[in-house]
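Let's take a friendly look at the charged side chains here and how they pair up. The sequence and structure come up next.

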Amino acid sequence: MEYFAQQLVNGVTLGSIYGLIAIGYTMVYGIVGMINFAHGDVFMIGAFLSLIVFLALTSIGITFVPLALLLVLFVAMALTALYGWTVERVAYRPLRGSFRLAPLISAIGMSIFLQNYAQVTQGARFKPLPPVVTGGHKFGAVDGFGVNISNVQIIIVLLTVALMVAFTLIVSRTNLGRAQRACEQDRKMAALLGVDVDRTISLTFVMGAALASVAGLMYLLYYGVVDFYIGFVAGVKAFTAAVLGGIGSLPGAMIGGLLIGLIETFWSAYFSVEYKDVAAFSILIIVLIFLPSGLLGRPEVEKV
């Protein structure tokens with residue numbers, strides 16, 4: 001039972017990271033109707049920026065961990081949001097009125113560009129970070145084995161819940177959220193009613209990139225190492241989480257992320273770790289067979 005509980009904690013932690021990345025996918029798709037395949041690499045950029053800011057703060061003598069974490073969080077979110085805004089302006093806005101495959105090809109090209117950009121500027125080797133948040137809590141120790149919950153895991157879960165609540169309130173209660181929902185339903189009609197569609201889409205990319213940077217910071221704190229390729233792997237799994245939960249649904253993206261994290265963790269714990277990705281994608285296929293729109297997705301109805 002203690003082993004099961006330990007894997008549950010690990011799965012929720014991993015799923016929280018996937019869920020935050022998946023929200024960026026689902027927000028862009030909900031408004032633009034396009035999959036931003038460069039979003040995983042924006043997450044990678046956020047992880048590298050977090051590492052750079054950590055090292056810069058250490059070099060100037062800021063070593064108080066809570067203050068350093070807050071500074072890294074805000075700086076990484078701001079800089080990564082700038083990357084997200086630039087990607088939208090350069091790679092997606094000029095192709096918005098083109099045929100549907102053009103933005104997809106542009107997204108794949110931007111993903112490759114960001115990977116190579118990080119490889120050239122930061123190098124191809126792994127970049128480690130010494131443990132910043134240490135310590136934890138142990139529960140239910142039996143014969144020396146108990147459930148260990150590290151402080152990093154607690155921070156990841158609490159921060160994920162806080163951001164999920166904050167962004168849900170933004171989408172449901174603010175003028176920006178109303179503009180986003182209007183663009184999701186009908187961009188042309190929203191523009192006729194006075195909604196600045198270009199600004200709304202740009203801010204959606206900015207919000208998604210900011211969330212991806214938080215996920216990058218979590219990944220850095222949890223694993224203590226980053227490289228230029230982490231964005232591809234995490235991006236594919238986060239996209240899978242968004243589809244599993246229901247593409248276009250924020251709660252669905254978070255639930256999908258948690259499910260992917262739990263499936264990977266439990267499969268690795270009880271079966272062969274080499275086939276954890278096979279298990280995750282198999283579950284996705286089974287769910288989509290019976291629920292083609294995902295767990296919380298709504299089927300698209302075309303009005304004529």
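## A buried acid and its partner

Glu264 is buried, with a relative accessibility of 3%. Keep in mind that this is a predicted model. Lys237 is buried as well, because its relative accessibility of 9% falls under the 20% cut-off.

These two side chains meet in a salt bridge, with N and O 3.0 Å apart. The pair links distant parts of the chain: Glu264 sits in helix α10 (residues 250–270) and Lys237 in helix α9 (residues 230–245), 27 residues apart.

## A second partner for Lys237

Lys237 also forms a salt bridge with Asp277, where the closest N and O atoms are 3.1 Å apart. Asp277 belongs to helix α11 (residues 276–290) and Lys237 to helix α9, so this contact ties together parts that are 40 residues apart in sequence. Asp277 is partly exposed, at 30% relative accessible area.

Which residues end up in one network through shared salt-bridge partners? They are Lys237, Glu264 and Asp277.

## The Arg93 pair

Elsewhere in the model, Arg93 and Glu88 form a salt bridge, their closest N and O atoms being 3.5 Å apart. Is each partner buried or exposed? Arg93 counts as partly exposed because its relative accessibility is 22%, whereas Glu88 is buried, with a relative accessible area of 1%.

## The tally

How many salt bridges does the model contain? The count comes to three. As a general reminder, side chains of opposite charge can pair when their charged atoms come close.

How values were computed
Residues are numbered from 1 along each chain as its sequence is written. This is a predicted model: local features need pLDDT of at least 70, side-chain atom pairs count only at pLDDT 80 or more; totals for chains, interfaces and linings use all residues. Side-chain values use heavy atoms; hydrogens and water are left out. A salt bridge is a side-chain nitrogen of Lys or Arg within 4 Å of a carboxyl oxygen of Asp or Glu. Buried means under 20% relative accessible area, exposed over 50%, partly exposed in between (1.4 Å probe, protein chains only). Helices (H or I, at least four residues) and strands (E, at least two) are DSSP runs, numbered from the N terminus.
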